Amino acid sequence: FWPNSFKNWHGHQDRFLYGDHEKMLEQYFWTAFHPIGPESERPITGTNEVYVPGVFGDIFDVITNAADEKVLASYPVILLCGDVNMDSRLADALARHVKNGGTLIANIRQVRKYENLFPKMFFGAELDSNERSSAKKCFSRLSLRVISEEGGFDYAVVKPSSHSEVLAFTADERKAPLLLSTPYGRGRVILSTPPYLMRKYY
């Protein structure tokens, strides 16, 4: 008996509806630790969700915002997942991590309210715009192909800085940035503009 946001209290789903935080955690975890997602949708036994061999190997760790700087520095890439509560200590540690050669992957909805804790233009664009739009396709410069999203997706409209590289943009006349890569020190910051990097699910 484990009531929480992750569907364990099956008789009272109305009390534990998904928010963006929970949905992003679920989708990222299901991707990083695949096939844990399909396994969790099968009839549950005592072992089918335990020790599931992931297709990417044992390369992901889950750390919290309480991790100290030495812990953060031990990872070449840090990906923010869900709503991350930040203070100046964590923001400074993340900025130093990137400056020293690390990569930080963040979403605009996660960091917009903490923008003033980071160096100016750290994320490669001004994040205070509330303008939003939507699209159904994007072009990825990483795979050099157009990617379609069933149902489309929203994104925040941003203007990249002159030293940012646009890795993905909407495949329409706007060519709006969806994924930015911005160098900082010896590292880089990857910023995505679709809210929580998800299409609408409700």
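## Aromatic cluster and ring pairs

In this predicted model, F29, F33, F56 and F60 are linked by ring pairs into a cluster. The number of aromatic pairs comes to nine when ring centres within 6.5 Å are taken to pair. One of them joins F29 and F33, whose ring centres lie 6.0 Å apart with the planes at 75°, so this pair is edge-to-face. F29 is partly exposed, with a relative accessible area of 32%, and F33 is likewise partly exposed, with a relative accessible area of 31%.

Another pair is formed by F122 and F123, with ring centres 5.0 Å apart and planes at 85°, so that it too is edge-to-face. Both F122 and F123 are buried.

## Nonpolar surface patch

The residues F29, F33, V55, F56, I59, F60 and V62 make a nonpolar surface patch of about 660 Å². Among them, I59 is exposed, with a relative accessible area of 59%, and I59 is found in the loop that runs between α2 (36-40) and α3 (69-73).

## Strand β7 and its partners

Strand β7, which spans residues 187-192, has five of its six residues buried, so the strand is largely enclosed by the rest of the structure. With strand β2 (residues 103-107), β7 pairs in the parallel sense over five bridges, and S192 in β7 is the bridge partner of N107.

With strand β6 (residues 177-184), β7 pairs in the antiparallel sense over six bridges, and here G187 in β7 is the bridge partner of Y184. The hairpin of β6 and β7 has two residues between the strands, and within this hairpin G185 takes a positive phi near 60°.

Key. Residues are numbered from 1 along each chain as its sequence is written. This is a predicted model: local features need pLDDT of at least 70, side-chain atom pairs count only at pLDDT 80 or more; totals for chains, interfaces and linings use all residues. Side-chain values use heavy atoms; hydrogens and water are left out. Patches are made of residues with over 30% relative accessible area and no salt bridge: like charges are joined within 9 Å, nonpolar side chains (Val, Leu, Ile, Met, Phe, Trp, Tyr) within 5 Å. Accessible areas come from the Shrake-Rupley method with a 1.4 Å probe; for residues, only the protein chains shown count as cover. A salt bridge is a side-chain nitrogen of Lys or Arg within 4 Å of a carboxyl oxygen of Asp or Glu. Helices (H or I, at least four residues) and strands (E, at least two) are DSSP runs, numbered from the N terminus. Buried means under 20% relative accessible area, exposed over 50%, partly exposed in between (1.4 Å probe, protein chains only). Two strands pair if DSSP finds at least two bridges between them. Rings of Phe, Tyr and Trp (its six-membered ring) pair if their centres lie within 6.5 Å; planes under 30 degrees apart count as stacked, over 60 as edge-to-face and the rest as tilted.
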